[in-house]
Amino acid sequence: MIIFGSNGRLGRSLSKEFPEALTPSHSEVDITDKVSVSSYMEAHVPDVVFQGAAWVDVRGCETDHAKAWEFNVEGTRNVVDAAEKANRECYFVFPSTACVFHGDRGDYVETDTPNPINFYGVTKMMAEMIVTRMKNHLIMRTDFVERAKWRYEGAFTDRYSTSVFADTLSKGIKKMISEKRTGLLHLTGKSKISHYNLARITTPEVKKMKLADVDIPLPRDQSMKSVKGGDFLEVEY
Ligand SMILES: NC(=O)c1ccc[n+]([C@@H]2O[C@H](COP(=O)([O-])OP(=O)(O)OC[C@H]3O[C@@H](n4cnc5c(N)ncnc54)[C@H](OP(=O)(O)O)[C@@H]3O)[C@@H](O)[C@H]2O)c1
């Protein structure tokens, strides 16, 4: 198994669940470098690939479309191309996001039509399409935060999701991979929670913010549900 993006928030936690996996760092394998990805996979032919490397900075993606496209779309295409060449049968897992949805109503299920309102969501939606080329693919749309101090000074009281902690998610991903689920699945928490209430679990002093305080398009209600059996998480709230 190869985990791309292993130094990230999800990658670090997922790598603990798969201690035997290969975990190339960004400097070892840059997914925007086709040759680098393909030589790595020729040398380490994978039976499972977790393509979690991405540029997840929503504000950055909004201001630098070219970089967002290069990292999230072309980068994922390079990983798919290399995996297809190295082992067409390999199981290809791709974490996607609730940001593929508009965020005007929430409770999105797998059969709802994506309609992203920011460029990060556009790039992940396009990458999903590329991943479907792999015969044995699993696209899991999710939402998570680290079980750690909230990354920002404030958190939105009027933005909702069904986010879970990265460690809870990683355990669910492990179960799902062991069952070799394929297709498209929403892997999320059971309760719709505001970002402010989510932040307060680890950071009681976090300040209140409103979506109107920022100038980037963020989905207001990006809560998701699964109608395809994405019930793999042991959530605690
Ligand atoms: N955070 C969420 O709520 C959320 C929700 C749904 C889906 N996802 C998806 O889950 C995955 C992980 O997200 P995260 O929040 O854990 O992000 P993160 O902490 O920013 O981690 C991203 C990882 O990707 C690596 N990376 C970035 N560009 C790369 C490149 N060109 N080549 C190789 N590696 C590269 C980064 O390495 P460096 O740090 O060394 O650059 C880092 O290890 C992403 O695919 C994201 O779209 C996230």
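## A pair of strands

Strand S3 and strand S4 (residues 136-142) are parallel partners, linked by seven bridges. This is seen in a predicted model. Two of the facing pairs can be named. Val-93 sits opposite Leu-138 of S4. Phe-92 has His-137 in S4 as its bridge partner.

Is S4 enclosed or open to the outside? Six of its seven residues are buried, so S4 is largely enclosed by the rest of the structure. Helix H5 (residues 119-131) lies across both S3 and S4. The angle between H5 and S3 is about 160°.

## The whole sheet

S3 and S4 belong to an open sheet of five strands. The order is S1-S2-S3-S4-S9, and the pairing is parallel. Which strands stand at the edges? They are strand S1 (2-4) and strand S9 (183-187). Each has a single partner strand, so one side of each has no neighbour in the sheet. On average, neighbouring strands are turned by 20° against each other, with direction ignored.

Now follow the sheet from S1. Three bridges join S1 to strand S2 (residues 48-51), and the two run parallel. Here Ile-2 has Val-49 of S2 as its bridge partner. S2 then pairs with S3, again in the parallel sense, over three bridges. In that pairing, Phe-50 has Val-93 of S3 as its bridge partner.

## The nonpolar core

The largest nonpolar core has 62 residues. Which of them touch the most other members? They are Val-49, Val-79, Ala-83, Phe-92, Val-93 and Leu-169. Helix H4 supplies the largest share of this core, with six residues.

Some of these names have come up already. Val-49 is the bridge partner of Ile-2. Val-93 is the bridge partner of Phe-50, and Val-93 also stands opposite Leu-138 in S4. Phe-92 is paired with His-137.

Take Val-79 as a close-up. Set aside its neighbours within four places in sequence. Val-79 is then in contact with Phe-4, Ile-31, Val-37, Val-49 and Gln-51.

## Around the ligand

How many residues surround the ligand? There are 25. The closest are Gly-5, Gly-8, His-26, Ala-53 and Ala-54. Three elements give two or more residues to this shell: helix H1 (9-17), helix H4 (65-86) and strand S3 (91-97). H4 therefore appears twice in this report, as a contributor to the ligand shell and as the source of the core's largest share.

What classes of residue make up the shell? It has ten nonpolar, eleven polar and four charged residues.

## Two lysines

Lys-16 lies in helix H1, an element that gives residues to the ligand shell. Is Lys-16 buried or exposed? Lys-16 has 11 other C-beta atoms within 10 Å. The cut-off for exposed is 12 or fewer, so Lys-16 counts as exposed. Lys-16 and Arg-200 are 184 residues apart in sequence. In space, their C-alpha atoms are 26 Å apart.

Lys-174 lies in helix H6 (residues 166-178). Lys-174 has 14 other C-beta atoms within 10 Å. Buried needs 20 or more, and exposed needs 12 or fewer, so Lys-174 falls in between and is partly exposed. Tyr-160 is 14 residues from Lys-174 along the chain. The C-alpha atoms of Lys-174 and Tyr-160 are separated by 26 Å.

Key:
Residues numbered from 1 in each chain as written. Predicted model: local features only at pLDDT ≥ 70, side-chain atom pairs only at ≥ 80, totals over all residues. Near = placed C-beta within 6 Å. Helix = DSSP H or I, 4+ residues; strand = E, 2+ residues; numbered from the N terminus. Nonpolar A, V, L, I, M, F, W, Y, C, P; charged D, E, K, R; others polar. Core = buried A, V, L, I, M, F, W, Y, C linked by C-beta atoms within 7 Å. Contact = placed C-beta atoms within 7 Å. Pairing = 2+ DSSP bridges. Axes fitted to C-alpha atoms, helices over the stretch in contact; angles between N-to-C directions.
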